[in-house]
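Dear colleague,

Please find the structure for your review directly below. My notes on the findings follow it.

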Number of protein chains: 2
Amino acid sequence: MSESRYRQIYSILKSGIQQGSYKIGNFLPSEHELCRTYKITRTTARKALDELLKEGFIEKEHGKGSRVKERRQSLGLLTVKGFSEAVGENVHTTFIQKPSLMSWPSDLPFPASENELDSKCIYFERLRGVQDTAVMRECNWFSAQGLDGFLEGDFVDGSFFKTLSQKYFIEITGSEQELRALYADEECASLLKVDPQSPILCISIKFTTSNPLLNIYSNLYCNTEKYPIGNRYYYLPFN
Amino acid sequence: MSESRYRQIYSILKSGIQQGSYKIGNFLPSEHELCRTYKITRTTARKALDELLKEGFIEKEHGKGSRVKERRQSLGLLTVKGFSEAVGENVHTTFIQKPSLMSWPSDLPFPASENELDSKCIYFERLRGVQDTAVMRECNWFSAQGLDGFLEGDFVDGSFFKTLSQKYFIEITGSEQELRALYADEECASLLKVDPQSPILCISIKFTTSNPLLNIYSNLYCNTEKYPIGNRYYYLPFN
DNA sequence: TAGTGGTCTAGACCACGGT
DNA sequence: CCGTGGTCTAGACCACTAG
């Protein structure tokens with residue numbers, strides 16, 4: 001069975017967004033225009049747009065059109081309040097370890113698949129701060145499979161997820177997290193500039209992606225004294 | 001302008017689910033049957049079902065029908081792994097403080113609206129454990145407005161959210177959270193049976209509900225030593 | 001007023017599940 | 001086989017936005 005027509009239109013539009021043909025803030029073709037272009041009815045055009053809407057790629061405005069939205073930055077991931085709100089101003093990110101090949105660690109926060117363990121592992125580590133305070137040490141592991149050239153290229157806008165999306169067309173589809181309160185070990189204490197034995201929030205995450213062979217494993221060590229970790233969820237649409 | 005037809009059908013079905021006319025695991029009337037019953041077309045019937053699907057009330061099976069689903073227990077809230085997986089077996093919840101009227105605390109985790117502060121405040125506190133370990137102290141505050149009889153009634157199945165849904169038809173629509181790692185204070189240390197100065201995970205939550213005047217404010221103090229706090233998100237539908 | 005999205009009708013054909 | 005949900009057509013009328 002062939003892919004449904006609305007999924008085809010959906011994919012065409014999504015690619016257009018990801019590749020920048022439709023830029024953030026701009027409008028997609030109107031529903032009637034999509035009907036004419038692709039010889040479909042409005043039901044089908046709307047179904048395609050509905051998918052993009054559900055996934056947060058667009059927002060609709062009655063009487064105006066479908067506008068390309070800023071992709072949710074955090075994808076439901078816990079984000080440091082300052083990061084999303086100060087938007088770059090007083091926020092800094094520095095690499096402790098640039099992406100490089102490593103053997104898989106034995107204490108990965110979630111068990112990896114055999115397939116993953118059979119291929120090489122890319123690791124990178126960053127330190128994130130707000131103003132003059134280091135607030136988060138971020139460690140990331142993932143399989144190098146299908147990510148040719150990743151070690152050589154730079155990050156798009158300094159964002160790992162944006163890089164995956166724009167260079168490799170990989171989207172984050174889900175995550176599994178575990179939260180712990182720990183005493184800071186020496187390495188964390190020195191990086192985050194806190195006393196050893198300070199309470200530290202550790203967030204272990206497994207991100208699943210649109211590539212079934214690729215998961216991202218991360219450990220975030222957070223100093224929550226000045227900047228607690230915040231996030232938001234909305235379950236129901238507001239009509 | 002009157003409410004759209006599909007919203008009407010949606011509300012009828014949702015009430016049926018909430019009041020138990022359609023029980024968990026049973027099928028709703030088929031799409032064609034809804035068409036006949038309410039004199040609508042399948043487009044409209046499907047739109048109503050789509051809403052229920054999005055909100056997690058039902059799941060659809062091709063060739064079979066729309067089945068009433070167990071409502072997501074945690075509503076995106078971080079849940080203790082043991083709680084969801086052991087499902088009642090080794091899990092226990094005890095009241096430290098039964099629901100009762102109080103004045104609003106000055107250190108509410110999120111600022112409440114004037115409207116809320118003008119009405120009475122209901123507070124209750126519970127201790128949650130897995131096997132013989134106390135893992136979470138849960139403190140809850142919310143306005144008594146519109147919750148007549150709340151202090152007298154028991155919780156439905158021991159669940160606060162189920163009680164709100166089934167007795168007052170109030171659904172959780174979103175949440176805002178802040179995470180902190182803290183040293184245990186004396187009260188927490190004694191309740192959770194850990195050493196004072198142990199690292200404790202504090203989750204502050206503001207739940208918004210389908211009643212714009214009602215928010216739930218909670219503080220969860222978690223001992224994550226044995227049981228880290230886990231949760232899952234899925235962003236994209238799996239087709 | 002023209003164009004947009006929101007809702008809805010009345011059909012049709014298909015793929016899937018169970019009998 | 002029949003009933004289910006999944007997709008799609010070809011229209012229609014409405015409410016909202018903007019020039």
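**Loop residues with positive phi**

Gln197(A) is partly exposed, because its relative accessible area is 47%; buried here means under 20%, exposed over 50%, and partly exposed in between, with a 1.4 Å probe and protein chains only. This residue belongs to the loop between α7 and β8 of chain A. Helices (H or I, at least four residues) and strands (E, at least two) are DSSP runs, numbered from the N terminus. Although Gln197(A) is not a glycine, its phi is positive, at about 75°. Lys193(A) sits in the loop between α7 (186-192) and β8 (199-209) of chain A. Its phi is near 55°, again a positive value in a residue other than glycine, and Lys193(A) is exposed at a relative accessible area of 72%. For context, most residues other than glycine have a negative phi.

**Basis of the values**

The model is predicted: local features need pLDDT of at least 70, side-chain atom pairs count only at pLDDT 80 or more, and totals for chains, interfaces and linings use all residues. Residues are numbered from 1 along each chain as its sequence is written, chains are lettered from A and ligands numbered from 1 in the order in which they are written, and side-chain values use heavy atoms, with hydrogens and water left out.

**DNA strand D**

Which residues are the closest to DNA strand D? They are Arg5(A), Thr44(A), Glu31(B), Arg42(B) and Arg46(B), out of 25 residues that surround the strand. A residue is near a molecule or strand if one of its heavy atoms lies within 4 Å of it. Of the strand D atoms within 4 Å of the protein, 64% are sugar or phosphate atoms and the rest belong to bases.

Several polar contacts (pairs of N or O atoms within 3.5 Å; within protein, one must be able to donate a hydrogen and the other to accept it, and residues adjacent in sequence count only if both atoms are side-chain atoms) can be listed:

- Arg42(B) places a polar side-chain atom 2.8 Å from a base nitrogen of DNA strand D.
- An N or O atom in the side chain of His62(B) is 3.2 Å from a base nitrogen of DNA strand D.
- For Arg42(A), an N or O atom in the side chain is 3.5 Å from a base nitrogen of DNA strand D.

Two or more residues of the surface near DNA strand D come from each of α1 (5-18) and α3 (42-54) of chain A, and from α2 (31-38), α3 (42-54), β1 (58-61) and β2 (65-68) of chain B. The largest share, four residues, is that of α3(A). By class, this surface has 11 charged, 12 polar and two nonpolar residues. Ala, Val, Leu, Ile, Met, Phe, Trp, Tyr, Cys and Pro count as nonpolar, Asp, Glu, Lys and Arg as charged, and the others, Gly among them, as polar.

**DNA strand C**

DNA strand C is surrounded by 25 residues, and the closest are Glu31(A), Arg42(A), Arg46(A), Arg5(B) and Thr44(B). Sugar and phosphate make up 64% of the strand C atoms that come within 4 Å of the protein. Polar side-chain atoms of chain B approach this strand as follows:

- Thr44(B) has a side-chain N or O atom 2.9 Å from a phosphate oxygen of DNA strand C.
- Thr41(B) has a polar side-chain atom 3.0 Å from a phosphate oxygen of DNA strand C.
- Arg42(B) has a polar side-chain atom 3.5 Å from a base nitrogen of DNA strand C.

The most residues of the surface near DNA strand C, four, come from α3(B). That surface divides into 11 charged, 12 polar and two nonpolar residues.

**Aromatic rings**

Over all chains, the whole structure contains 30 aromatic pairs. Rings of Phe, Tyr and Trp (its six-membered ring) pair if their centres lie within 6.5 Å; planes under 30 degrees apart count as stacked, over 60 as edge-to-face and the rest as tilted. Phe142(A) and Phe150(A) form an edge-to-face pair, 5.4 Å centre to centre with 85° between the planes. Phe142(A) is buried at a relative accessible area of 0%, and Phe150(A) is buried at 3%. Tyr123(B) and Trp141(B) form a tilted pair, because their planes are at 45°, with centres 5.2 Å apart.

Yours sincerely
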